[in-house]
Amino acid sequence: MTALKNDRFLRALLKQPVDVTPVWMMRQAGRYLPEYRASRAKAGDFMSLCMNPEFACEVTMQPLDRYPQLDAAILFSDILTIPDAMGQGLYFETGEGPRFKKVVSTLADIEALPIPDPHKDLGYVMDAVSTIRRELNGRVPLIGFSGSPWTLATYMVEGGSSKDFRKIKAMLYDNPQAMHLLLDKLAQSVTSYLNGQIMAGAQAVQIFDTWGGNLSAAAYQEFSLAYMRKIVSGLIREHEGRKVPVILFTKNGGLWLESIADAGADALGLDWTCDIGNARSRVGDKVSLQGNMDPTVLYAKPEAIRAEVGRILASYGKGSGHVFNLGHGITPEVDPEHAGAFLRAVHELSAQYHE
Ligand code: CP3
């Protein structure tokens, strides 16, 4: 394998010194880019992009080619590949988000779910990882990812996106044993899926717990964090002679940072509702932090974006341990010029915080 030419993302996750604060954007390959929309039209639809390793590689590279400031690439795929591989039949209705042909409602449904084999059932993802690694040729590290068991379960039980999580919350309180069986199967599936990505070439992994912040404090511990902790303890943490850092991102998890920092990961993703300097003092030396600009700041003018970047950098303060990112994914309406202004501002304004 080629040596990494730019490893500041991996170094910051491990709190090793860096020259400037590394940066990437959640959903950096997406609909705000005209070249992405062109590739999607050529492939036919979103899932065809994900399932064809050549297309997945093409769109992964697009933001890197446009923005030389990006310090990491992220695998182009989706978190819902796992429920699809469990036989639920994922499809996307234009403008409506994800849907499943089969919904999980009963204990019998859960008992019947298989645990996917990453190579047999999700081979297209493993192939995408190795294809992207080859194409990157050491330019920047490649991030692999998965959804958290709780977040995946919300889509599987609700049958798609949900506003109130009515079905899964009823299941959680009416039938906690069934809920635990589903989450345990998902934790096993996620562990082998992420380990498969690491063996195929992912150099860091992120677990997206998009809906964990919708639980009560007690339910978060029992039904989301416990399973992420279990996954983290089963992951391959060193490969190709380097540490493979793990990032946990619970959206709206700001109230629980101390306990998330104890789950065994290397870094926590922060949404924009917490102050990053305050988060740093709460988690201490246990973990690095990734985040946390409100993605809607990108609707403002470049000068305002730059000011907000400066404010977040000043709040984090001096030293390594910060990966700059948005607090959630970049939205389709953002002007690509504004994303460029954001990325440039991070590198230009952060040098003063590093020796
Ligand atoms: O960050 C990246 O660039 C990597 C690619 C990536 C996608 N989805 C591509 C995608 C990643 C990391 C995800 C994760 C994902 N998928 C999450 C967790 C992170 C988050 O955003 O909270 C969730 C909840 C999903 C499920 C999902 N996929 C939804 C709800 C939707 C529809 C919502 C929307 O934005 O329209 C998707 C579709 C999706 N996944 C798109 C992309 C680029 C848009 C599809 C399109 O091109 O039409």
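A pocket, as the word is used here, is an open set of grid points with protein on both sides within 12 Å along at least five of seven lines, and a molecule sits in one if more than half of its atoms lie within 2 Å of its grid points. The model on screen is predicted.

**Stop 1: the ligand**

Select the ligand. By the rule above, the ligand sits in the largest pocket. Two elements, α2 (34-43) and β3 (97-100), each give two or more residues to the shell around the ligand. Now select the residues within 4 Å of the ligand. The selection should hold 23 residues, of which R27, R31, Y36, R40 and H328 are the closest. Coloured by class, this shell has 14 nonpolar, 5 polar and 4 charged residues.

**Stop 2: polar contacts of the ligand**

Show R27, Q28 and R31 as sticks and look at their distances to ligand oxygen atoms. For R27, the atom to pick is a backbone N or O, which lies 2.6 Å from an oxygen atom of the ligand. Q28 also uses a backbone N or O atom, at 3.2 Å from a ligand oxygen atom. With R31 the side chain takes part: one of its polar atoms lies 2.5 Å from an oxygen atom of the ligand. How much of the ligand's accessible area does the protein cover? On its own the ligand has 870 Å² of accessible area, and the protein covers 88% of that.

**Stop 3: the pocket itself**

Hide the ligand and keep the largest pocket in view. The space in this pocket is about 1,400 Å³. Its lining is made up of 40 residues, and those closest to the centre of the pocket are R27, R31, F46, D78 and F92. To see which elements take part, select α2, α3 (46-51), β2 (90-93), β3 and α9 (149-158); each of them supplies at least two lining residues. By class, the lining of the largest pocket divides into 19 nonpolar, 14 polar and 7 charged residues.

**Stop 4: the cavity**

Next, go to the enclosed space. The count is 1 cavity of 30 Å³ or more, and the largest cavity holds about 60 Å³ of space. To find it, select its lining: L248, T250, N252, G253, G254, L257, I260, L268, G269, L270, D271 and C274. Strands β8 (246-250) and β9 (267-269), together with helix α13 (257-261), each give two or more residues to this lining. In the lining of the largest cavity there are 6 nonpolar residues, 5 polar and 1 charged.

**Stop 5: two backbone details**

Where is the cis peptide bond that involves N292? Select G291 and N292: the bond from G291 to N292 is cis, with omega near -5 degrees. N292 belongs to strand β10, residues 288-293.

End the tour at F165, in the loop between α9 and α10 (166-174). F165 is not a glycine, yet its phi is positive, at about 55 degrees.

Note on methods:
Residues are numbered from 1 along each chain as its sequence is written. This is a predicted model: local features need pLDDT of at least 70, side-chain atom pairs count only at pLDDT 80 or more; totals for chains, interfaces and linings use all residues. Side-chain values use heavy atoms; hydrogens and water are left out. A polar contact is a pair of N or O atoms within 3.5 Å; within protein, one must be able to donate a hydrogen and the other to accept it, and residues adjacent in sequence count only if both atoms are side-chain atoms. Accessible areas come from the Shrake-Rupley method with a 1.4 Å probe; for residues, only the protein chains shown count as cover. On a 1 Å grid over the protein atoms alone, a cavity is a set of points where a 1.4 Å probe fits but cannot get out, and a pocket is an open set with protein on both sides within 12 Å along at least five of seven lines; lining residues have an atom within 4 Å of a point. Helices (H or I, at least four residues) and strands (E, at least two) are DSSP runs, numbered from the N terminus. Ala, Val, Leu, Ile, Met, Phe, Trp, Tyr, Cys and Pro count as nonpolar, Asp, Glu, Lys and Arg as charged, and the others, Gly among them, as polar. Grid points are joined across faces, edges and corners, and a volume is the space filled by probe spheres set on the points.
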